[in-house]
Amino acid sequence: MSRAETLWISGPVLRARPEGPFRLRESVRVGEDALLGEVIRIARDEITVQLYEDTSGLRPGVLVEGSGELLSIRLGPALLGGIFDGLLRPIAEISDPYVKPGMRLQDARVFQFKPSVRVGESIGPGQPLGEIANGSGIAQRCLVPPDQAPGRVTMIVDPGEYADDQPLCWIETPEGRQSGVAMTQDWPVRVPRPVQARLSADEPMLTGQRVIDSLFPVARGGTGAIPGGFGTGKTVLLETVAKWCNAEIIVYIGCGERGNELAGLLDEITELEDPRSGRPLLERTVVIANTSNMPVSAREASIYTGITVAEFFRDQGLHVTLMADSTSRWAEALREVSGRLGELPGEAGYPAYLSSRLADFYERAARVRTLGGEVGSVTLLGAVSPPSGDFSEPVTTHTKRYIGSLWGLDVRRAQARFYPAIHPLQSYSLVAQSLARWWHTTGCTRWQELRRRFLTLLEEEARLERMARIIGRDAMPARQRLVLLCAQLINESFLRQSAFSLNDRYASPARQAVMMRLIGSFIEGSERLLEAGVPPEAIRDAPVFRRLLRMGEEIPDGDWETFSVLDRELSATIRQLVNQAREESATAAETSP
Ligand SMILES: Nc1ncnc2c1ncn2[C@@H]1O[C@H](COP(=O)(O)OP(=O)(O)OP(=O)(O)O)[C@@H](O)[C@H]1O
Ligand SMILES: [Mg+2]
């Protein structure tokens with residue numbers, strides 16, 4: 001392997017004079033502690049290396065040793081339930097979120113393996129060799145690595161317990177080359193794993209949050225961003241989605257939080273319970289943690305590490321959701337490294353390639369047919385923390401170019417403790433159209449129509465609110481007061497959903513559909529009232545309105561009977577108010593001279 005001698009060093013970056021060939025993105029070891037680094041630039045007589053560990057104490061003159069391989073991470077069954085740094089080195093203890101200098105990979109672990117192929121069978125890249133049991137309920141599989149040439153199985157072990165780094169199967173190519181396949185495999189972090197085909201994203205990644213699923217849905221294999229100022233609820237929203245979404249595997253990247261804050265987060269994550277199985281959520285989660293006291297370059301790499309891990313599980317035919325909290329901290333790492341390299345800064349000091357790096361990340365989301373012929377997906381969700389909540393800053397604006405769904409958190413909603421603080425006018429979903437079919441075939445036949453209706457009412461509300469502040473609500477015509485009333489119902493009963501309410505923290509698609517239809521009936525009924533000359537305040541003051549406002553909190557999932565009682569009560573109230581108005585106008589006509 002090639003060597004180089006360090007000439008200059010600044011923070012996580014060094015320049016060295018090579019004594020042999022190096023490749024771009026090759027991983028290297030530096031100095032006596034064998035600190036991990038990556039070649040990020042090659043000039044004729046100089047290489048630039050980015051280090052993934054604390055470099056204090058390194059002096060010019062230290063030796064850089066090439067590995068000949070691209071910077072890679074080790075993927076395998078031991079990932080589930082683990083907590084790692086940006087390059088997948090295990091963080092041993094939560095109270096000590098540091099990685100020891102020069103530390104390499106995890107020690108081998110033993111898993112139950114059950115083969116599904118026999119000697120003599122032909123096998124190709126990405127195809128399964130057998131099942132791996134780890135006691136968590138998620139069946140993992142051992143696949144032929146995607147870059148392995150096809151061939152014939154010449155040896156396969158019997159069912160039993162094996163170390164995850166031990167070859168379980170030997171494959172011989174037609175040219176007679178033999179290679180062994182173990183449960184763990186290395187893969188370069190920055191290279192997307194190959195698939196047979198990308199599939200259209202036409203089913204939703206359900207989150208159980210009404211404002212997301214019903215108004216601004218995200219597709220399985222799609223992308224979503226959550227921009228929000230300080231303390232507006234990004235982390236709580238991501239955690240809620242992690243708990244309730246219909247993904248089998250969660251990859252959680254904690255990016256650049258302060259050290260003690262991260263320890264708190266890790267504590268919390270390790271305590272979270274999977275509400276469906278009652279088992280620890282961590283069992284089907286991979287946590288990648290960066291703190292600001294870890295080198296910035298590891299934070300920069302962590303995003304690619306996370307997505308590579310997600311793709312590894314996707315290739316086994318699983319649905320994976322990855323959340324990055326927050327991508328702004330990642331972009332800051334990019335800015336810092338770029339500054340050390342002396343690159344020309346662009347907008348707000350970020351390097352000019354910020355946008356293409358964001359694209360590299362979000363473009364790896366997909367629903368795919370795997371090499372093994374199965375369907376798997378990676379859905380990517382990123383929180384963005386724009387300084388002072390200004391959504392026009394570069395990370396937010398560039399992120400918007402690559403994502404399908406945006407959930408903008410609103411400071412005023414958060415201050416009013418209206419959670420989730422997703423503002424309907426600062427949010428959108430570009431995939432709603434293609435997900436309509438799914439909703440229509442799963443029972444909510446009016447999904448698209450009602451969704452549009454709700455959004456129109458919320459837009460009108462924003463306009464009318466301004467007027468209401470100037471002239472006062474009472475001076476507004478009845479039609480406009482009615483719009484405000486309908487919007488209030490949508491906001492309070494549908495968009496508002498407490499993450500801590502036993503009944504309401506999760507809403508199944510069926511419950512969302514029932515609530516949507518009920519609100520739809522209210523909107524239509526109240527229009528009939530308007531025609532009959534009943535003022536909107538009459539329905540607002542009826543007991544049924546209060547019950548509608550509180551239906552999310554009060555009626556649990558599955559209690560369809562109570563929902564239909566409420567529906568009947570609503571129709572009865574409207575009928576009664578209309579009849580009353582008719583009678584009154586008839587009497588008025590009789591008594592008038
Ligand atoms: N869905 C929710 N239900 C109830 N309370 C919430 C919800 N979301 C946020 N909160 C409250 O708001 C507080 C701040 O939320 P959170 O930590 O998620 O904000 P953040 O946007 O991640 O902040 P930061 O910018 O510091 O990362 C929480 O501690 C919690 O009290
Ligand atoms: Mg946060």
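Which residue is the bridge partner of Q112 in β11? In this predicted model, where local features need pLDDT of at least 70, side-chain atom pairs count only at pLDDT 80 or more, and totals for chains, interfaces and linings use all residues, that partner is A133. Residues are numbered from 1 along each chain as its sequence is written, chains are lettered from A and ligands numbered from 1 in the order in which they are written, and side-chain values use heavy atoms, with hydrogens and water left out.

The pair belongs to a sheet, so here is the wider picture of that sheet. Its 4 strands make an open arrangement, with the order β12-β11-β9-β14 and antiparallel pairing. (Strands are DSSP runs of E with at least two residues, numbered from the N terminus; two of them pair if DSSP finds at least two bridges between them.) At the edges sit β12 (140-143) and β14 (160-163), and because each has a single partner strand, one side of each is left without a neighbour in the sheet. From one strand to the next, the twist averages 45°, with axes being lines fitted to C-alpha atoms and angles running from 0 to 180 degrees between N-to-C directions.

Strand β9 (residues 110-115) is joined to β11 (residues 128-133) by 4 bridges, and the two run antiparallel. Across this pairing, F113 faces I132 in β11. Another 4 bridges tie β9 to β14, again antiparallel, and here F111 has Y162 in β14 as its bridge partner.

Now for the chain as a whole. The domain assignment splits it into domain 1 (3-71), domain 2 (108-187), domain 3 (197-441) and domain 4 (447-591); such bounds come from an automatic or database assignment. The centres of domain 1 and domain 4, taken over C-alpha atoms, are 65 Å apart.

Then there is ligand 1. Among the residues around it are G229, F230, K234, R417, Y419 and F500, where being around means having a heavy atom within 4 Å. The shell divides into 5 nonpolar, 5 polar and 2 charged residues; Ala, Val, Leu, Ile, Met, Phe, Trp, Tyr, Cys and Pro count as nonpolar, Asp, Glu, Lys and Arg as charged, and the others, Gly among them, as polar.

Some polar contacts (pairs of N or O atoms within 3.5 Å) can be picked out. An oxygen atom of ligand 1 lies 2.7 Å from an N or O atom in the T235 side chain. For polar backbone atoms, the distance to a ligand 1 oxygen is 3.0 Å at G233 and 2.8 Å at V236. Taken alone, ligand 1 exposes 640 Å², and the protein buries 73% of that, using Shrake-Rupley areas with a 1.4 Å probe.

Note on methods: A polar contact is a pair of N or O atoms within 3.5 Å; within protein, one must be able to donate a hydrogen and the other to accept it, and residues adjacent in sequence count only if both atoms are side-chain atoms.
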